[in-house]
Amino acid sequence: ANHVRRYVGPPENVLHEFLSHLVHIDIHVVSPSDERPYYTLVTSGMSDRPMEAPPIPQAIEYAELMLCLPPDWRLGAEAFQDERYYWPIRMLIFLARYPHENNTWFGYDHTIGGEQGEAADRESLSGALLTIPSLFESEFSLLSMGPHKRIHFLAVIPLYPIEVQYSLAQGK
């Protein structure tokens, strides 16, 4: 929370997960400000366990996710009854748990696909690109918790199915 407060701003709210599997995911919500005119959502809990990273230099063992939303985005219990406003929360929780459930890892410029096939809605955001949080100071992207634990913050960029297909076809 101190890292988020220092580089993003003070969280107005924390969305606590009630039922947890493998890791307990909370989402810190930083409200829009003059400096950052958008909501910023940052996970905590994903980095409680290491990801299954391969032994390569660019591999990341510990990560948290962040996502920015427009300043007029509706947040809160009432708004979350409507999938139009809840999907970013669902996506962050899904992505934060994904590497632990699937014995894999996330890194910069990884693409994660959503539903494919006939069930997929071509107009819905269903996948994500994970990248450097470029809207923030470079120091935000890495938090050192000692010599053996460095937490990388990955920005989540929601993608449409056709964007996911393109990215995967490019080998990303």
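Which residue forms a salt bridge with Arg97? Glu17 does, and the closest N and O atoms of the two side chains are 2.6 Å apart. The close-ups below begin with this pair, and everything in them comes from a predicted model.

**View 1. Glu17 and Arg97 form a salt bridge between distant parts of the chain.** Glu17 sits in the loop between strand E1 (11–16) and E2, whereas Arg97 belongs to helix H2, and 80 residues separate the two. Look at how covered both partners are: Glu17 has a relative accessible area of 11% and is buried. Arg97 is buried too, with a relative accessible area of 10%. Buried here stands for a value under 20%, so Glu17 at 11% and Arg97 at 10% both qualify.

**View 2. Two further salt bridges, Arg36 with Glu35 and Arg84 with Asp82, belong to the structure's total of four.** In the pair of Arg36 and Glu35, the closest N and O atoms lie 3.6 Å apart. The two partners are a study in contrast: Arg36 is buried at a relative accessible area of 10%, while Glu35 is exposed at 62%. Now turn to Arg84 and Asp82, whose closest N and O atoms are 2.5 Å apart. Arg84 is exposed, with a relative accessible area of 54%, and Asp82 is partly exposed, at 23%.

**View 3. Strand E3 (residues 39–44) pairs with E2 and with E4.** Start with strand E2 (residues 26–30), which runs antiparallel to E3 and is joined to it by five bridges. One place to look is Ile27, whose bridge partner in E3 is Thr43. Strand E4 (residues 62–69) also pairs with E3 in the antiparallel sense, here over four bridges. To find this pairing, follow Leu41 to its bridge partner in E4, Leu67. E3 itself is mostly covered, as five of its six residues are buried. When you follow the side chains, it helps to know that in a regular strand they alternate between the two faces of the sheet.

**View 4. Tyr38 and Phe136 form one of the eight aromatic pairs in the structure.** A pair of aromatic rings is described by the distance of the centres and the angle of the planes. For Tyr38 and Phe136 the centres are 6.4 Å apart and the planes stand at 90°, so this pair is edge-to-face. Tyr38 comes from the loop between E2 and E3, and Phe136 from the loop between strand E6 (127–131) and strand E7 (142–144), so the pair ties together parts that are 98 residues apart in sequence. Both rings belong to buried residues: Tyr38 has a relative accessible area of 15%, and Phe136 has one of 7%. Follow the ring pairs further and you meet a cluster that links Tyr38, Phe136, Phe140 and Phe153.

**View 5. Trp73 and Tyr85 form an edge-to-face aromatic pair.** Their ring centres are 5.7 Å apart, with 80° between the planes. Trp73 lies in the loop between E4 and helix H2 (83–101), and Tyr85 lies in H2, so the pair ties together parts that are twelve residues apart in sequence. Trp73 is buried, with a relative accessible area of 17%, and Tyr85 is buried as well, at 18%.

**View 6. Helix H2 carries many names to look for among its buried residues, including Tyr85, Trp87, Ile89, Met91, Leu92 and Arg97.** You have already met two of these residues, Tyr85 in its aromatic pair with Trp73 and Arg97 in its salt bridge with Glu17. Others on the buried list include Pro88, Ile93, Leu95, Ala96, Pro99 and His100. After H2 comes Asn103, whose phi is positive, near 45°.

**View 7. Helix H3 (residues 161–169) has Pro161, Val164 and Ser167 as buried residues.** Seen down the axis of H3, the buried residues fall within an arc of 125°, so they line one face of the helix. What covers them includes strand E5 (110–112), E6 and strand E8 (150–159). The face turned away from the buried side carries the exposed residues Ile162, Tyr166 and Ala169. Gly171 follows H3, and its phi is positive, near 80°.

Key:
Residues are numbered from 1 along each chain as its sequence is written. This is a predicted model: local features need pLDDT of at least 70, side-chain atom pairs count only at pLDDT 80 or more; totals for chains, interfaces and linings use all residues. Side-chain values use heavy atoms; hydrogens and water are left out. Buried means under 20% relative accessible area, exposed over 50%, partly exposed in between (1.4 Å probe, protein chains only). Two strands pair if DSSP finds at least two bridges between them. Rings of Phe, Tyr and Trp (its six-membered ring) pair if their centres lie within 6.5 Å; planes under 30 degrees apart count as stacked, over 60 as edge-to-face and the rest as tilted. The arc is that of the directions from the helix axis to the C-beta atoms. Contact means heavy atoms within 4.5 Å.
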